[in-house]
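Q: Please take a close look at the salt bridges in this predicted model. Which side chains pair, and where do they sit along the chain?

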Amino acid sequence: MSLACSIQSLTSLIKERSSMLRSVRSFFDKRDVLEVDTPILSKHAPIDSSIDILETMATDQTKGYFHSSPEYAMKKLLAMGAPDIYQLSHVFRKSEQSKKHTIEFTMLEWYRIGFSLEELMSETKELIALFIGDVPCRITDYCSIFKERFNLDPEEDSLQTLQEVSKDFGLFGKDYDRQTYLDFLFDIAEKTFSTDSLVFVTDFPKEQAYLAKTHIKNGKELAMRFEAFYKGYELANGFDELQDSKVQRKRFKASLEKREKMDKPSLPIDEDFLDALDHLPDCSGVAVGFDRLMMLKTQSHDIKNVTYEGM
């Protein structure tokens with residue numbers, strides 16, 4: 001690439017990112033949602049068996065963790081009395097490298113006090129529409145996805161049945177747990193979602209609640225959360241936020257046990273975060289991949305083309 005082309009590409013990238021960041025901030029300014037800027041480095045890491053965290057030595061004796069989401073810090077602010085808040089933050093996830101993934105990326109996360117999950121989905125659709133336009137929207141649930149694509153019931157069908165169906169799609173072996181098979185098959189199903197509609201998936205199994213509340217629906221305990229997809233991209237992950245430290249502690253311990261089985265390093269539990277949950281107002285929150293929105297807006301097929309990593 002010539003120097004002139006390189007300068008032109010860099011200028012185009014700077015202008016596009018700047019325009020999109022202004023659009024996000026204007027979107028929340030109009031709704032009286034305040035921007036916050038919490039630390040990237042923490043003495044505690046989010047405990048999720050599916051996420052690997054970047055570590056560093058914060059001091060000669062103290063380990064620090066680069067956050068994979070500003071969630072813990074933002075919820076602590078809400079527990080202290082903060083109003084509706086949002087954050088545009090660089091986040092880090094170890095070993096995530098592909099055309100859709102990079103170790104460092106930009107996440108947009110916001111929390112709305114007193115919002116139902118349905119209200120948050122509507123607002124998330126409005127935010128996404130800033131960059132992909134007002135496209136058709138479909139709302140479905142996790143169980144329906146499995147029934148439509150595989151004629152499976154993710155809650156009721158046996159582990160052996162999940163193994164057999166997964167084998168048909170290329171996942172061999174019997175050493176995986178139930179969640180691994182469900183995640184694999186959901187990824188397969190996701191690729192068949194309509195490319196011209198924004199798809200919201202709700203009511204995930206209770207085991208996938210993470211930091212969300214659960215509710216009883218059709219006699220089953222399900223996670224009160226959603227994910228949003230468009231043209232093969234997972235764009236958003238939203239929760240009706242859990243406010244119970246005892247339940248969350250059990251989930252953390254279960255995740256730590258799973259990490260141990262996966263030969264992943266143990267992580268310290270953030271006791272301040274657990275204390276904050278008991279003072280968290282009734283709220284819902286969502287994280288959106290800013291760089292993926294930019295990829296869709298600019299019709300780019302590589303995340304490096306929309307970040308300064310690609311320069």
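**Salt bridges across the chain**

A: In this predicted model, the side chains of Lys258 and Asp177 form a salt bridge, with N and O 3.5 Å apart. This pair links distant parts of the chain, since Lys258 belongs to helix α7 (residues 245-261) while Asp177 lies in the loop between α5 (159-168) and α6 (178-190), 81 residues apart. Lys258 counts as partly exposed because its relative accessibility is 26%, which falls between the 20% limit for buried and the 50% limit for exposed, and Asp177, at 33%, is likewise partly exposed. Beyond such pairs, salt bridges that share partners join Arg31, Asp84, Arg112, Glu123 and Glu126 into one network.

Helix α1 takes part in further pairs. Lys297 forms a salt bridge with Glu16, their closest N and O atoms lying 2.8 Å apart; this contact connects Lys297 in helix α9 (residues 290-298) with Glu16 in helix α1, 281 residues apart. Lys297 is partly exposed at 37% relative accessibility, and Glu16 is also partly exposed, with a relative accessible area of 21%. A salt bridge also forms between Glu35 and Arg25, where the closest N and O atoms are 2.9 Å apart, and it links Glu35 in strand β1 (residues 34-35) to Arg25 in helix α1, ten residues apart. Here Glu35 is partly exposed at 37% relative accessibility, as is Arg25 at 31%. Counted over the model, there are 23 salt bridges.

Note on methods:
Residues are numbered from 1 along each chain as its sequence is written. This is a predicted model: local features need pLDDT of at least 70, side-chain atom pairs count only at pLDDT 80 or more; totals for chains, interfaces and linings use all residues. Side-chain values use heavy atoms; hydrogens and water are left out. A salt bridge is a side-chain nitrogen of Lys or Arg within 4 Å of a carboxyl oxygen of Asp or Glu. Helices (H or I, at least four residues) and strands (E, at least two) are DSSP runs, numbered from the N terminus. Buried means under 20% relative accessible area, exposed over 50%, partly exposed in between (1.4 Å probe, protein chains only).
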